[in-house]
Amino acid sequence: MPKYGSVGVSDTTFVKHQMIDVLLRFLMRVARSNINKLGGQFRIFDLYAGSGTYSKEKNGQLLDSGYRGSPLIAAEIAEKEIPGNWTYTGYEIDNTAAQVLSVNMSKYPERTSVFHGLYQDFLHDHISQISGYAPGVILGDPNALMDYSYLQEVSKLPKLNRIDVVLHIPFTAAKRVAPTDGTLNLDTDCSPLETDLRAINKRHIFISEPQGTNQWTCLVLTNWDRFPNDVWDFRNITTEKGLKRLKRVCLTKEQYDQWLYQYEGNRPLFEGW
């Protein structure tokens with residue numbers, strides 16, 4: 001059974017899990033030395049938690065069961081990298097999935113909390129209540145559009161300064177429901193999707209290579225100036241490669257072709273002269 005509210009389990013799901021594994025290990029190792037010096041805990045907030053486990057089906061037949069979802073992956077990594085110095089908070093709108101997740105996370109009763117409902121009903125208060133040194137991560141993997149206005153408000157909280165935002169978005173689906181503008185120019189070439197992402201209060205956005213026809217793409221929004229590009233080939237959107245990825249996922253194909261034509265056409269013939 002796939003995570004409630006998801007688009008189901010696919011090969012891209014497991015790419016996402018590998019990406020989360022790499023990112024969380026990296027972020028926790030960076031935070032570990034400061035946690036050892038200053039105390040505090042690494043906070044994990046999972047906006048679309050699901051039940052914590054998956055089954056894989058094909059043509060209605062069960063192929064395998066017991067695949068770990070992001071909650072279990074995050075908890076296992078945290079217990080290995082920063083044992084005892086982490087918390088997990090998951091939000092799930094489906095009551096059955098929330099109950100299953102509570103059971104799946106029962107191995108860590110003192111460090112995990114599961115809330116049945118929308119993350120918008122809880123996240124602001126939960127972050128506002130944090131005290132002391134608190135690095136961490138917000139994980140979000142929506143079906144399509146997120147409540148970006150809510151994330152923008154939450155990102156203004158002082159405690160979000162050291163909490164990164166990691167989003168895994170199917171941009172093909174997001175563009176189907178997002179408002180679009182068929183006319184672009186180099187002065188106002190941001191789609192609503194791109195505008196919403198840039199409005200989250202983080203200094204940097206790093207973007208992965210889009211995957212598959214759904215354009216599943218991971219974005220890391222962070223204030224860390226030294227986030228390295230070699231973590232899963234992420235690229236800052238201030239670089240040419242990163243900017244092209246962002247435009248490709250936020251724009252329709254026609255819009256992207258138009259933007260790229262303008263972008264390439266406004267370069268000097270011999271750059272560096």
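A residue is taken as buried under 20% relative accessible area, as exposed over 50%, and as partly exposed in between. The structure described here is a predicted model, and the accessibility classes below follow from that division.

Helix H9 covers residues 253-265. With 13 residues at 1.5 Å a residue, helix H9 should span 18 Å, and its end C-alpha atoms are 18 Å apart, in agreement with that expectation. The buried residues of H9 are Gln-255, Tyr-256, Trp-259 and Gln-262. Viewed down the helix axis, these buried residues fall within an arc of 130 degrees, so they line one face of H9. On the face turned away from the buried side, H9 carries the exposed residues Lys-253, Glu-254, Tyr-261 and Gly-265.

Among the elements that cover the buried residues of H9 is helix H8 (240-250). Helix H8 is largely enclosed by the rest of the structure, because eight of its eleven residues are buried. These buried residues are Gly-242, Leu-243, Lys-244, Arg-245, Leu-246, Lys-247, Val-249 and Cys-250. They pack against helix H6 (171-177), helix H7 (192-198), strands E8 and E9, strand E10 (235-236) and H9.

Two of the strands packed against H8, E8 and E9, also flank the loop that holds Gln-215. This loop runs between strand E8 (204-207) and strand E9 (216-222). The phi of Gln-215 is near 50 degrees, a positive value in a residue other than glycine. Most residues other than glycine have a negative phi. With a relative accessible area of 14%, Gln-215 is buried; the value is under the 20% cut-off, which means that the residue belongs to the buried class.

Side chains of opposite charge can pair when their charged atoms come close. A search of the whole structure finds 18 salt bridges. One of these is in H9, where Lys-253 pairs with Asp-257 and the closest N and O atoms are 3.0 Å apart. Lys-253 and Asp-257 are separated by about one helical turn because they are four residues apart in helix H9. Lys-253 counts as exposed at 60% relative accessibility, whereas Asp-257, at 36%, counts as partly exposed.

Elsewhere, salt bridges that share partners join Asp-21, Arg-25, Arg-29, Arg-32 and Glu-81 into one network. Within this network, Arg-25 forms a salt bridge with Asp-21, with 2.6 Å between the closest N and O atoms. Both residues lie in helix H1 (residues 11-38), and being four residues apart they are separated by about one helical turn. Arg-25 is partly exposed, with a relative accessible area of 21%. Asp-21 also counts as partly exposed, at 21% relative accessibility.

Another salt bridge of the network joins the side chains of Glu-81 and Arg-32, at 3.2 Å from N to O. Glu-81 lies in helix H2 (residues 70-81) and Arg-32 in helix H1, so this pair ties together parts that are 49 residues apart in sequence. Glu-81 is buried, with a relative accessible area of 6%, whereas Arg-32 counts as partly exposed at 30% relative accessibility.

Definitions and conventions. Residues numbered from 1 in each chain as written. Predicted model: local features only at pLDDT ≥ 70, side-chain atom pairs only at ≥ 80, totals over all residues. Heavy atoms only, no water. Buried < 20%, exposed > 50% of the residue type's maximum accessible area, 1.4 Å probe, protein only. Expected span 1.5 Å × (residues − 1). Arc of directions from axis to C-beta. Contact = heavy atoms within 4.5 Å. Salt bridge = Lys/Arg side-chain N within 4 Å of Asp/Glu carboxyl O.
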